[in-house]
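Colleague: I'd like to go through this one with you and ask how each label was earned. Can you put it up?

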Amino acid sequence: MGRASAEIIQENRDYTLFPWSVQGSANPIHLVKGQGVWFWDGDGNKWLDFCSQLINLNIGHQHPRVIAAIKRQADELCFAGPGFATEPRGALGKRLAEVTGLAKAFYTNGGTESNETAMKIARTYTGRRKIISRYRSYHGDTMGSMSAGGDFRRWPVEPGVPGIIRVFDPYCYRCPFGVEVGSCSRQCVTHVEEVIQMEGPQSIAAMIVEGITGTNGLLVPPDDYFPKLRALLDKYGILMIDDEVMAGFGRTGKWLATQHYGIKPDIVTCAKGLTSGYQPLGAVIVSDEIAGYFETNMLWTGLTFSGHPMSCAAAVATLAAYEDEGIFENVALQGAHLAMRLEAMQEKYACVGDVRHKGLFSMLELVRDKKSKEPLAPYAGTSPEMASFNSYLRSKHVYTYLRFNLCFVAPPLIISRVELDHGLDVMEAGLALLDKAITEKGSEQ
Ligand SMILES: Cc1ncc(COP(=O)(O)O)c(C=O)c1O
């Protein structure tokens, strides 16, 4: 007989540290089994995985094709040093070049290392030092990427690396420039030019942007944002680093979120959906020009596990699954239904201030009052209402990602209509309870 679930959780708590948590309050679910969009906890409860673990498990749990590829690779060759050539390493590089329209890939262990590497490559290639990033962004947890992101998790470790300049985001629901998207002149781009001029264009190597901002609010930009930004960066010889760690590999229905906007970045960084989490892997994919530069110049970067054959084999199989199994087509189909239901929720519930979505990448922004847009929890904080909404979803075994006043819906890309509706029905019941709680609180005051 296996060990009791409570004992396993306790051992985890006694001997391991949980991320982004006050350890005494960490309350992990004991995950024992997964299948498709579902997972089971140690007490036998079946949960709907409504945020693909950490918005990475794009092909769902236990995909047989990827499991088989990992097993095959393990039998053949478990490890090769980063300076060796292997079959999966080359095959993956070729496929990444094809799907991104870029040239060559450098492999890392995940998203944050990809962004560290991208910034180093941008500095070496341009000979410039500064990096522009946006406030509402997250690029990873290591020192350089954490500094590059604007996310509040940088606060306790600041000062971070020097040379980061932050600008405002295309956050149309709460526009930092106080204008309306229908009639504005895209100050979210034009103010970047002023910042560039004030900082000295010749000192700026790159701007790092998420294809569609994920964790910091699922900010879907106006359609002309990226083309305008691309033209602006080109004007000053500044590279565009497109962080597709969360938005890439079909999450929005295309290989890269920026492909919706008809632009080509100079460098793409990715991880998460690259293997769907079946093995740890990240990649930095560079343009022809940058790859050409490194033909005759040193590439100042290296990692012991770069090009790990087990990870590359998992990625080759994952990319093949996306294509052969019509997964992006499913994103378009279910994404349209999701969009329709989210918009109906915005109409129906007083607490739903805004909904933002692209494919199966979506979020509800919850407010106390639609008119004032007062958030249901402050930036970097929480509130009793958000906590009770989370408890409600968990009591119904719907697992999703809540942050401040944001509730994410980003299920595995293989989700069916019935499964999607199940999760959304539970969510709606929770929203109805939230509306009731807010009204009652309002009438007490
Ligand atoms: C946009 C983005 N970039 C980078 C990262 C960091 O990736 P990792 O946790 O694999 O280091 C994340 C993680 O959520 C992310 O969402």
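Colleague: Which backbone nitrogen lies 3.0 Å from a polar atom of the side chain of S276?

Modeller: The backbone nitrogen of I59. Before we go on: this is a predicted model, where local features need pLDDT of at least 70, side-chain atom pairs count only at pLDDT 80 or more, and totals for chains, interfaces and linings use all residues. Residues are numbered from 1 along each chain as its sequence is written, and side-chain values use heavy atoms, with hydrogens and water left out.

Colleague: Why does S276 count as buried?

Modeller: Because its relative accessibility is 0%, and buried means under 20% relative accessible area (1.4 Å probe, protein chains only). S276 sits in the loop between β9 (267–270) and β10 (282–286).

Colleague: What is S276 in contact with, beyond its neighbours within four places in sequence?

Modeller: N56, L57, N58, I59, T318 and Y322; contact means heavy atoms within 4.5 Å.

Colleague: On to the ligand. Which residues are around the ligand?

Modeller: Among them are G110, N115, H139, E210 and K272; a residue is near a molecule if one of its heavy atoms lies within 4 Å of it.

Colleague: What makes D243 a polar contact of the ligand?

Modeller: An N or O atom in the D243 side chain is 2.8 Å from a ligand nitrogen, and a polar contact is a pair of N or O atoms within 3.5 Å, so the pair qualifies. Backbone N or O atoms of G111 and T112 each lie 2.8 Å from a ligand oxygen. Taken alone the ligand exposes 400 Å², of which the protein buries 82% (Shrake-Rupley method, 1.4 Å probe).

Key. Polar contact = N/O pair within 3.5 Å; in protein donor to acceptor, adjacent residues only side chain to side chain. Helix = DSSP H or I, 4+ residues; strand = E, 2+ residues; numbered from the N terminus. Buried < 20%, exposed > 50% of the residue type's maximum accessible area, 1.4 Å probe, protein only.
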